[in-house]
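Trainee: I should be grateful for a close look at one part of this structure, the positions that a database record annotates for binding. Please then set that part in the context of its surroundings.

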Amino acid sequence: MSRDTFAAGERLVSPAYVRQGCEARRSHEHLVRQLLEKGKCPEDGWDESTLELFLHELAVMDSNNFLGNCGVGEREGRVASALVARRHYRLIHGIGRSGDISAVQPKAAGSSLLNKITNSLVLDIIKLAGVPTVANCFVVPMATGMSLTLCFLTLRHKRPKAKYIIWPRIDQKSCFKSMITAGFEPVVIENVLEGDELRTDLKAVEAKIQELGPDSILCIHSTTSCFAPRVPDRLEELAVICANYGIPHVVNNAYGVQSSKCMHLIQQGARVGRIDAFVQSLDKNFMVPVGGAIIAGFNDSFIQEISKMYPGRASASPSLDVLITLLTLGSNGYKKLLKERKEMFSYLSNQLKKLSEAYYERLLQTPHNPISLAMTLKTLDAHHDKAVTQLGSMLFTRQVSGARAVPLGFVQTVSGHIFRGFMSHTNDYPCAYLNAAAAIGMKTQDVDLFIRRLDKCLKTLRKEQNRESDVPGVDSYDKTENVDIEETTLKLDNVLLDTCQDTSS
């Protein structure tokens, strides 16, 4: 309410009480004013009443919420369901205009303001997370794969002769299909094995550039966040190669914002060489529903070019979700989550190491991967060709999500390209293994429950193997747990074997 409205209220209620309410209102308005003036994530999170007041104020600035509004066009923010309207806080017009996702909409000043402030807050968080020299970014209502495609399509206009994208292999379908969808031919560079780690083959990358010619290459498409035993690409070296040959560089940083190591690689790559854009998922890094990503870079004009490449208006839902989340957490809350994630990575690593040793396996040594871990399944795979996949299905039926049991020799065709040893990021990794990741939001109880259930599954499988061979018995990691598995559950595990053959999205 305005000052005049409060003054009018003093005729009905004691002025002292009204003035107290007015001061309370001003405290909310002060937070909103600071947000709009600074364009940065507040240090301390907002309470829900301030958030809802802010969103309501934005919504009443949109034409569909004007009192007496007369809409005679085809897109007037009409919504049939009141439930849908409340779900979106009556912010119905979306963001952007037909020629630019970052443009201001005349009909929707509130939604446009939401879009601008969200992009500003996300830029602030990227700097906080370890990339202080980032120049610009914007939230796009597409997941990581399609956002990468948008980057490639923008580069097409700059490099009309380009036909190929050089791509150090990572066995994840969407990033491979992002290049195919953009109309380019991926040139797969196989990784090299260094100890347990799969790392970028820099010599092969440079040899392929020389073979194909720099002008025929759209960009190098590298990766930070990935499943162990693959580790982040050698971004600094790749960035230098890109700078030397005049080739653009696009980084798939899908869930790398939560990792200071991944963000440091991007910062260093931009410092010593060339990184044109890096793309990260909203859901993986900010714990919001799937459907949005952030495209960021070190050249403001190029990032603006990408935003103008997006055709038509766009859903405001991803922007609204991340805005609410960041204002709820504040920068201190997000930093706390980043700190806790690092602690959970160490805890998961220790617990998985203990468990693997109890079963005569070992935790793979992948020090360059700051998020994902892997333990060998050599003894499991050596005695039963389906046991590794069986383990994956058993974990799935016991409500363990995210773990990946990777067998040897699995072949997968993606958009016409045959990947041998699919999911292991190489044709012939030395052993089968199990993945687990310590991602943002994970708690100690998640790790403990995962270890207990994994222990149960491993013990059950070993019992099955012992009936068929002379393999020595293995003591349980957690002797207090009841390891009897119902026959119906085991049958369900077998039904899910085919489903678990391909867990890549």
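Mentor: What follows begins with the annotated positions and then turns to the core and the aromatic rings.

The model is predicted, so local features are described only at pLDDT of at least 70 and side-chain atom pairs only at pLDDT 80 or more, while totals for chains, interfaces and linings use all residues. Residues are numbered from 1 along each chain as its sequence is written, and side-chain values use heavy atoms, with hydrogens and water left out.

Under "binding site", the unreviewed UniProt entry lists R97, S98, Q105 and R313. UniProt positions are given here in the numbering of this model, with shortened feature names, and annotations may be inferred rather than shown by experiment. These four positions gather at one spot, because no two of their C-alpha atoms are more than 9.7 Å apart although they span 217 residues in sequence.

R97 belongs to the loop between α4 (82-87) and α5 (109-129). Helices (H or I, at least four residues) and strands (E, at least two) are DSSP runs, numbered from the N terminus. R97 is partly exposed, with 39% relative accessibility. The terms for exposure rest on relative accessible area: buried is under 20%, exposed is over 50%, and partly exposed lies in between (1.4 Å probe, protein chains only). Neighbours within four places in sequence aside, R97 contacts A103, V104, Q105, P106, G312 and R313, where a contact means heavy atoms within 4.5 Å. Two of the annotated positions, Q105 and R313, are therefore among the contacts of R97.

Q105 is also placed in the loop between α4 and α5. In contrast to the partly exposed R97, Q105 is buried at 3% relative accessibility. Its contacts, again without neighbours within four places in sequence, are R75, H93, G94, I95, G96, R97, S112 and R313. The side chain of Q105 also reaches the backbone oxygen of H93 at 3.2 Å. A polar contact is a pair of N or O atoms within 3.5 Å; within protein, one must be able to donate a hydrogen and the other to accept it, and residues adjacent in sequence count only if both atoms are side-chain atoms.

A second "binding site" listing in the unreviewed UniProt entry comprises R271, R398 and K463. These three do not all gather at one spot, because they span 193 residues in sequence and the farthest two C-alpha atoms are 54.4 Å apart. R271 is in helix α10 (residues 260-272) and is exposed, with a relative accessible area of 56%. R398 is in the loop between α15 (387-397) and β11 (404-406), and it is buried at 12%.

The unreviewed UniProt entry also lists K284, for "modified residue: N6-(pyridoxal phosphate)lysine". K284 lies in helix α11 (residues 282-286) and is partly exposed, with a relative accessible area of 36%. Beyond neighbours within four places in sequence, K284 contacts T144, A254, Y255, Q258 and I440.

The interior comes next. A nonpolar core is a set of buried Ala, Val, Leu, Ile, Met, Phe, Trp, Tyr and Cys residues joined through side-chain atoms within 4.5 Å. The largest such core has 47 residues, of which V140, F152, W167, L218, I295 and I306 touch the most other members. Among the elements giving two or more residues to this core are β1 (136-140), α6 (144-158), β2 (164-168) and α7 (173-181). The largest share, 5 residues, comes from α6.

A search of the whole structure finds 8 aromatic pairs. Rings of Phe, Tyr and Trp (its six-membered ring) pair if their centres lie within 6.5 Å; planes under 30 degrees apart count as stacked, over 60 as edge-to-face and the rest as tilted. The pair W167 and F176 is tilted, because the ring centres are 5.3 Å apart and the planes stand at 50°. W167 and F176 are both buried, and they form one aromatic cluster with F419 and F422. The pair Y429 and Y433 is edge-to-face, because the ring centres are 5.6 Å apart and the planes stand at 75°. Y429 and Y433 are buried as well.

One ring also has a charged partner: the charged end of R404 sits over the ring of F227, 3.9 Å from its centre. This description applies if NZ of Lys or CZ of Arg is within 6 Å of the ring centre and within 35 degrees of the ring normal.
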